[in-house]
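User: I've got a structure on the bench screen and I'd like to know what sits behind the labels people put on it. Can you walk me through them?

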Amino acid sequence: MTATPGLIPRGARNPGSQGALRHLNQERLVEFLLANGPSTQAELARGTGLSTATVSNIVRDMATKGVVATSPVTSSGRRALLVQLTDTGDVAVGVDFGRRHVRIVLATLGYDVIAEEQVALEPGYDVLGAVREASSLLDRMLVEGGHDRESVLAVGVGIPGPIDRRTGTVLQGAILPEWVGITRRELEDVFGFPVMVDNDANLGALAEVTWGANRGERNIIFVKIGTGIGAGLILNGQPYYGFLGITGELGHTPVAEHGVICRCGNRGCLESVASTSVMLESLGRGAGAAVTTADILRRGLDKDPAVLRVVSDAGTAIGRAIGNIANVINPELVLIGGPLVGLGDALLDPIRHGIQHNALPIIAGTTSVRVSSLGDRAESLGAAAIVIQGALAGNE
């Protein structure tokens, strides 16, 4: 099974298509088999709520691709077909590049993580140098796991910036300016594998509905709060990318008419009011020493009034921006990711308040707000998920 460079799963291109529905149903079967082990087609139909005809068609397709194996059995005195996931030996790779780290996961087509490592990167790192370092780490992980390079389907890469999905190019506006202009082809040249590249918030959202405790949620907003503020959208069970792939740029939503000029060129963007960088700058004035996100977490949990005020102001502004989006897409769930989620309700309550301020009462009242279930693993798991989904979709 070979992944196509730059493959975009069909469901991501057209969330309302038959291909998207088939892919979602396929995921439900895989989840059931992972949770319950080998099952008959009748058990799969009962467990997933799908019709027996739908299950039969999906199983036939997955068996052709080698993802499942089938064998005749007798169940309740009747002949039946037993279905079980197979170890195809194929490996999906997920890579997440952050401001100071790169994390890599290896996973099977059955959504089983078989290896995971993270290494630190120097701030302001040379991009292609960091990619070469990630490639060397990947090679070592493959060797240690006994996997040959031919088993790698593709490498999914998450980057904190907008991606033009037509060309796989990182666009102006990336929180790490060193990445601007980097293309998918350059990443493929270094890794030596087909590469699928996406924005890190998009991948965090995808991970939450494929790996996390929120599997099966159909409409969510995943917001990553860090040096930048980005959102990933899941609509009708599928990632939403818009026309070019530039969606969820929540940090560049204007919230202060007379605010400072943002790096994007606009004035008073959310990122210039509520990012972790702004919080650190506010708390560092007169402190005599640099303040870190770890300090915010520690002092916030100790109920430091200055930290709680800064976090509350930022959270309220973020919540108001989310409320505007909620009025448009009516999500069932808002998930918050990033380095400050350890603050819990000290961060979530202001966000909830901001949503209530800007969203319609019925929308605010029916939208849950929680922290990410996957923590700092979300983006790398999402990167592996786009590879798995592309493979299971059969490059349609």
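User: Why is Cys269 called buried?

Analyst: This is a predicted model, and in it Cys269 has a relative accessible area of 0%. Buried means under 20%, so Cys269 qualifies.

User: What about Cys262, buried or exposed?

Analyst: Cys262 is buried too, because its relative accessible area is 7% and the limit is under 20%.

User: How do you know that Cys262 isn't in a disulfide?

Analyst: Look at the sulfurs. The closest cysteine sulfur to that of Cys262 belongs to Cys264, and it is 3.7 Å away. A disulfide needs the pair within 2.5 Å, so this one is too far for a bond. Cys269 is in no disulfide either: its nearest cysteine sulfur, again that of Cys264, is 3.7 Å away. By this rule the count comes to 0 disulfides.

User: Why is Thr227 called partly exposed?

Analyst: Its relative accessibility is 24%. Partly exposed runs between 20% and 50%, so Thr227 falls in that class. You'll find Thr227 in the loop between strand E11 (220-225) and E12.

User: Which residues does Thr227 touch, leaving out those up to four places away in sequence?

Analyst: Arg99, Ile175, Glu271, Ser275, Thr276 and Ser277. Val278 is 51 residues from Thr227 along the chain, with 8.2 Å between the C-alpha atoms.

User: What makes Thr227 part of the pocket story?

Analyst: The largest pocket has 40 lining residues, and Thr227 is one of those that lie nearest its centre, along with Arg99, Lys224, Gly226 and Pro339. Elements giving two or more residues to that lining include strand E4 (91-97), strand E5 (101-107) and helix H7 (200-210). The space in this pocket comes to about 910 Å³.

User: How does the lining of the largest pocket divide by residue type?

Analyst: Into 10 nonpolar, 19 polar and 11 charged residues. Bear in mind that Gly is counted as polar here.

User: What makes a set of residues a nonpolar core, and which ones touch the most other members in the largest?

Analyst: The members have to be buried residues of the nonpolar kinds, joined through side-chain atoms within 4.5 Å. The largest core has 44 residues, and Leu29, Leu44, Val55, Trp211, Ile220, Val387 and Ile388 touch the most other members. Helix H14 (residues 378-392) gives the most to this core, with 10 residues. Beyond its neighbours within four places in sequence, Leu29 is in contact with residues including Leu44, Val55 and Ile58. A second, separate core has 34 residues, among them Ala231 and Ala317.

User: Why is Lys303 called exposed?

Analyst: Exposed means over 50%, and Lys303 has a relative accessible area of 59%, so the label fits. Lys303 is in the loop between helix H10 (293-301) and helix H11 (305-329). Its phi is positive, about 65°, although Lys303 is not a glycine.

User: And Asn236, what is its phi and why isn't it called exposed?

Analyst: Phi of Asn236 is near 55°, another positive value in a residue other than glycine. At 46% relative accessibility, Asn236 counts as partly exposed, because exposed calls for over 50%. Its place is in the loop between E12 and strand E13 (238-239).

User: What class does Arg22 get, and where is it?

Analyst: Arg22 is in helix H2 (residues 18-36). Its relative accessibility is 34%, and that lies between 20% and 50%, so Arg22 counts as partly exposed.

Definitions and conventions: Residues numbered from 1 in each chain as written. Predicted model: local features only at pLDDT ≥ 70, side-chain atom pairs only at ≥ 80, totals over all residues. Heavy atoms only, no water. 1 Å grid on protein atoms, 1.4 Å probe; cavity = no way out; pocket = protein on both sides within 12 Å on 5 of 7 lines; lining within 4 Å. Points joined across faces, edges and corners; volume = space filled by probe spheres on them. Helix = DSSP H or I, 4+ residues; strand = E, 2+ residues; numbered from the N terminus. Buried < 20%, exposed > 50% of the residue type's maximum accessible area, 1.4 Å probe, protein only. Contact = heavy atoms within 4.5 Å.
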